[in-house]
Protein chains: 2
Amino acid sequence: MNAAKDNPRVVFSPSGMRGRVRLGTQLDQAARDIGADLQSLCGGKGQCAKCRVRVLEGVPDDSGLTSCAAHLSAPTELEKKLFPAEDLHSGWRLACQAMVIGDVAVEVPDESRAGKQVICKAPGCQSVELDPTVRRHGLYPCLSGTSNSIGAWEEIARTMGPPAYSSPPLPDLPLLQILPPVGTDSSGSTTIVVRESVECIAVFKDPPSAITGVALDIGTTTLAAYLCDLETGAVLATASAVNPQVSLGEDVISRIAYANGCADGRRNLQKLVIESVNTMIEDLARQAGVSPACMLDMTCVGNTCMHHLFLGIDPSGLGRSPFIPVICRSLDFKARDLGIHIAAGALVHMLPVIAGFVGADSIGVLLALEPHNLDENVLVIDVGTNGEIVVGNHGRLICASCATGPALEGATLRHGMRAAPGAIERVRIDPVTLAVDVSIISGDTGSKKSALAVGICGSGIIDAMAQMFLVGVIGKNGNLNRRLDVPNMTRDKDGVPVFVLVPADQTATGREICITQDDVRAVQMAKGAIHAAVRILMKELNLSSFDRVLLSGAFGSRIDPASALAMGLFPYCPVERVRSVGNAAGDGARLALLSRKKRLEAARVARQVQYIELTDHPDFQREFALAMWLPHMRSSSLLPEF
Amino acid sequence: MNAAKDNPRVVFSPSGMRGRVRLGTQLDQAARDIGADLQSLCGGKGQCAKCRVRVLEGVPDDSGLTSCAAHLSAPTELEKKLFPAEDLHSGWRLACQAMVIGDVAVEVPDESRAGKQVICKAPGCQSVELDPTVRRHGLYPCLSGTSNSIGAWEEIARTMGPPAYSSPPLPDLPLLQILPPVGTDSSGSTTIVVRESVECIAVFKDPPSAITGVALDIGTTTLAAYLCDLETGAVLATASAVNPQVSLGEDVISRIAYANGCADGRRNLQKLVIESVNTMIEDLARQAGVSPACMLDMTCVGNTCMHHLFLGIDPSGLGRSPFIPVICRSLDFKARDLGIHIAAGALVHMLPVIAGFVGADSIGVLLALEPHNLDENVLVIDVGTNGEIVVGNHGRLICASCATGPALEGATLRHGMRAAPGAIERVRIDPVTLAVDVSIISGDTGSKKSALAVGICGSGIIDAMAQMFLVGVIGKNGNLNRRLDVPNMTRDKDGVPVFVLVPADQTATGREICITQDDVRAVQMAKGAIHAAVRILMKELNLSSFDRVLLSGAFGSRIDPASALAMGLFPYCPVERVRSVGNAAGDGARLALLSRKKRLEAARVARQVQYIELTDHPDFQREFALAMWLPHMRSSSLLPEF
């Protein structure tokens, strides 16, 4: 018995998906078995004619269909009726009618591909049809030598001309530098990766296990990266890190000052973030077992300043009125030009920015949450070192930005930390005894040590503020009630009044974890800025309430909506309409990575959304002063029962 | 008196050419004064209507032509007849009718530009219409701040939309990295350089003195670079250097061996040539007083191996039959990807190659000499370390390559050197006394030392061989006639028979300059290979003679056609039909730098010319053996009288 003969090889172009199937398998079944994308609406009955394919090897010679017949069964009566003679002659078939009877390669034209619907798991996040900018293209027969006086590339380009591509995509330099000369490899398994049908960006001697891309979210304080399989949409790994620029300035304004304050300022800031991204890429590669050479696309969101610093663009225009970015539109640059260590030929796609303080991160949020496609009025708050706020619906969308400082990300507070193992993420305070109960983010190991508190993260501080307010530890003005006679209300070794969440003997550090008056003030400032911004946008649209409130941000998924409401992060709204949607900016970057349509949508939305500058808004100072109160005085009467 | 008012400023778009003119100057005269390109066939009589322009500033408002009238005189009756009302309304004018009466910016559409005819100075080289890929675009008003929430780039892009460009060109990353933020500069003199109307590759705060490009010819032994003004076609500077790869292998085959013989072989070879090119670029910049940042385009020719090594492509396919290049087609890569230190956004255009041993240098020769446009039969010999030969006319062109070794470039001979100061370039020998008279290439300084001989270059060795043969110092077989009783025919200190050209006391080195038997053999091998190749191509085309013989090569302009004929470099042809045309490959690179049409022509010719492989040609060995004779036995009877 001849195993190879009984199990002929089937190759689908241009995806390059291939495998062996049992002799006599229907071609549509072979596609399903191999995982190649091929449409079939009628379930293989030959009725929908959606599974048209064209035979690439074994195209019939002038004498008829003989050589084709060696690979696929002869055309059925149904096919003879469906296809004109010249189409049959050119090798056109219905996959549901043709039976595999030998090695065969078929081309699946665009209209016969089903496309894959990828479900975005985050709540509120839209699903998307898989349509990445890069695709694999298998070569057969490949680099097998030629008698003509043309180059190895020209031999490849010939297989990449029509019908697969309208004209052969051009080779990128790094691809040419690793392209083996003719004759060194004739195993026929070479895979080329093609970008937007115009450029060949990578070549693999053996088919890569996956064609992947990286979605990057550059926060002022936190970096997040997602490794996605561009052929399935799956998230293969995630990584995060503190933005190392923090060491040169905690917020946007101090980084702009640093960038312009010394000769290499801008370059140093760029270098720091790029190095950190490269470390995350190594981490993603390790986690997923995928080589960085297989990371063939990248999308990137971040606020306008992070966007500029990542690209090495002068951010000084963002530091003074009228806060004009150098560039707003979406951009594509070679990863190598930025020093990003993914495939040398890959592009980095920067999503567009809207204004000086509403950046590509907001575009990411919009892509993920799609308020521009909704009838109901939505409030989206992206909580980070800056708060970016979008209000509206498909009719009109307006946005604004406010400086919140890093408090809501857990930084700058006495015991603040990011949402890592050991961070307090939930706080409940007994209204009678004022005893504190905390939930702590556990580590991977599950060891005893990891169950002890190290500090408090953003969602924890929002919980703590809300609870302290509700039980009377702090007043409406945010002052600590020092007259409370409970052990938690005490003074630290320097005599500063503090409210203790976890006593020293129950922490991982051996020091108590507490909230100071300064901590409360920092959070009040942050929440006040967001609250005031929301009120101004509501006035602008003549809105008195929202149908939906969505909280996003690197720690957005961890915020308790009831606590956010109780501490007055935004004007009152029934709690069931408030949802935390996780890192929507990152989700948006991921959607843009998987879908070219999403990139077009981003450009459209960026033009559609209207930016409101708050710094010179006549009402802002008054709204801000009022919004410092806990909760905002005008909504306090609406405070829900806890 | 108000000087600015009496001398309004005129700006021509998209060239950005600008200047002040006397109030009342005709606009066509202003174009001539400023040097802007504007057609005028009728000499300003308003008859040809070729000088149509469109006012950019001062476009009439809805109320009529008032605001236009503030900058140019009102439309004449002739213009009112010529232009439909809506065109007049849009600001269309005839430059010969409009008078400058205030600051004005006008757009010169493509059809109104005359184009500049550039005459190529080398004999046999075609002239070309100036049509470079990069052009300057002046910005007015520029970066002067904006009240809209868009970026500085978007402000620029708005001025670069229609009618100047169908859509705004995209910015390259290095441009964004130096783009000043809005408001820092409102002097209105910013200049953007646009490539192919699709990409903005550079920005200058002040108009650059020149927009230039570099044409590069990478020879196996010699590198040559030309700095050209892309707006006038002028050659601003030239530079040359020994290809430093010589230290790792004298010919193509030994470099291929080195490239594959060690881990970093290929990278080392690329690094060497790139470093040397960068040194030449510094030299060109110094000579012409032009910053490398103003070098905004580059074209490159070289044989296929030099082409591959320059790009870092694996040359091993060129080292074994069937000698297949990795890629033949023309290529454009960013200079920064190659480490070339011209403007960071500039492209390097690699001209196409024809085959493994007929490279982009041959395409350069064809572009310069255009045999494909001639009726007469032409033989083109590009003499270098490889000899590339093209034979034919517009009907059919065939080409071949033969290994000549570096002897004809003056290398490897005992006293060989390149055509630098001190090189013997002409040799005459008295038929009776055998006294030798030499011409020496003089240095720039004109000092006495530089008039002394250092060695002998390629044209000198061809002269010497021809003369030695004609006076009987060597026989038809190339043997030195040791029985000659003259002082020149002697032995060196090791007892090797030599023919002395310059005695020791008349050289710069203090050592005699002589020709050895080995020198003669090396030259015989080189000329034999070329001669044999030409004969095979003649047979292929059934040709018995040529209408024209053109000798090119880095030292081609220095070869004495009579000497080349006398020593049998090619089959006999009346000497008046033989011409030396200089470095035609370099000329071709220069033409492709100045003209986009020439680049298209290169692609066309590369497909048209047919390559003949000589290594496995049945006649080659026999022809080569015969062609070693001095001169070729079959043409010796035709030897002209000297």
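Here is a short tour of a predicted model with chains A and B, one selection at a time.

**Stop one: chain A by itself.** Hide chain B and colour chain A by secondary structure. You should find 19 helices and 29 strands in chain A. Of its 642 residues, 60% are buried. The fold also ties together far-off parts of the sequence: among contacts in chain A between residues at least 6 apart, 67% join residues at least 24 apart.

**Stop two: helix α10.** Now select residues 304–311 of chain A. Is this helix enclosed or open to the outside? Here 8 of the 8 residues of α10 are buried, so the helix is largely enclosed by the rest of the structure. Click through and you will meet, among them, Cys305(A), His307(A), His308(A) and Phe310(A).

Step back to Asn303(A), which caps the N-terminal end of α10(A). Look for its side-chain oxygen, 3.1 Å from the backbone nitrogen of Cys305(A). Then go to the other side of the helix: just after α10(A), Gly312(A) takes a positive phi of about 75°.

**Stop three: both chains.** Bring chain B back. A turn of 180° with a shift of 0.2 Å along the axis lays chain A on chain B, with an RMSD of 0.1 Å. That is the relation of a two-fold axis. Which residue of chain A comes closest to the rotation axis? Select Asp337(A): its C-alpha is at 4.1 Å.

**Stop four: the interface.** Select the residues in contact, and you get 41 residues from chain A and 41 residues from chain B. The area buried between the two chains is about 3200 Å², with 61% coming from carbon and sulfur atoms. On the chain A side, show Leu173(A), Ile324(A) and Val326(A), which lose the most area to chain B, together 18% of what that side buries. As for the two sides, 100% of the interface residues of chain A are also interface residues in chain B, so the copies meet through the same surface.

**Stop five: the polar links.** Return to Asp337(A) and add Arg336(B): their side chains meet in a salt bridge, 2.7 Å from N to O. The count between the chains is 2 salt bridges, and 16 residue pairs are in polar contact across the interface. To see where chain A's side comes from, colour the elements that give two or more residues to it, including α7 (173–178), α9 (265–288) and α11 (335–338). By class, that side has 23 nonpolar, 10 polar and 8 charged residues.

Definitions and conventions. Residues numbered from 1 in each chain as written. Chains lettered and ligands numbered in written order. Predicted model: local features only at pLDDT ≥ 70, side-chain atom pairs only at ≥ 80, totals over all residues. Heavy atoms only, no water. Contact = heavy atoms within 4.5 Å. Buried area = accessible area lost by both parts, 1.4 Å probe. Salt bridge = Lys/Arg side-chain N within 4 Å of Asp/Glu carboxyl O. Polar contact = N/O pair within 3.5 Å; in protein donor to acceptor, adjacent residues only side chain to side chain. Helix = DSSP H or I, 4+ residues; strand = E, 2+ residues; numbered from the N terminus. Nonpolar A, V, L, I, M, F, W, Y, C, P; charged D, E, K, R; others polar. Least-squares fit on C-alpha atoms with pLDDT ≥ 70 in both. Buried < 20%, exposed > 50% of the residue type's maximum accessible area, 1.4 Å probe, protein only.
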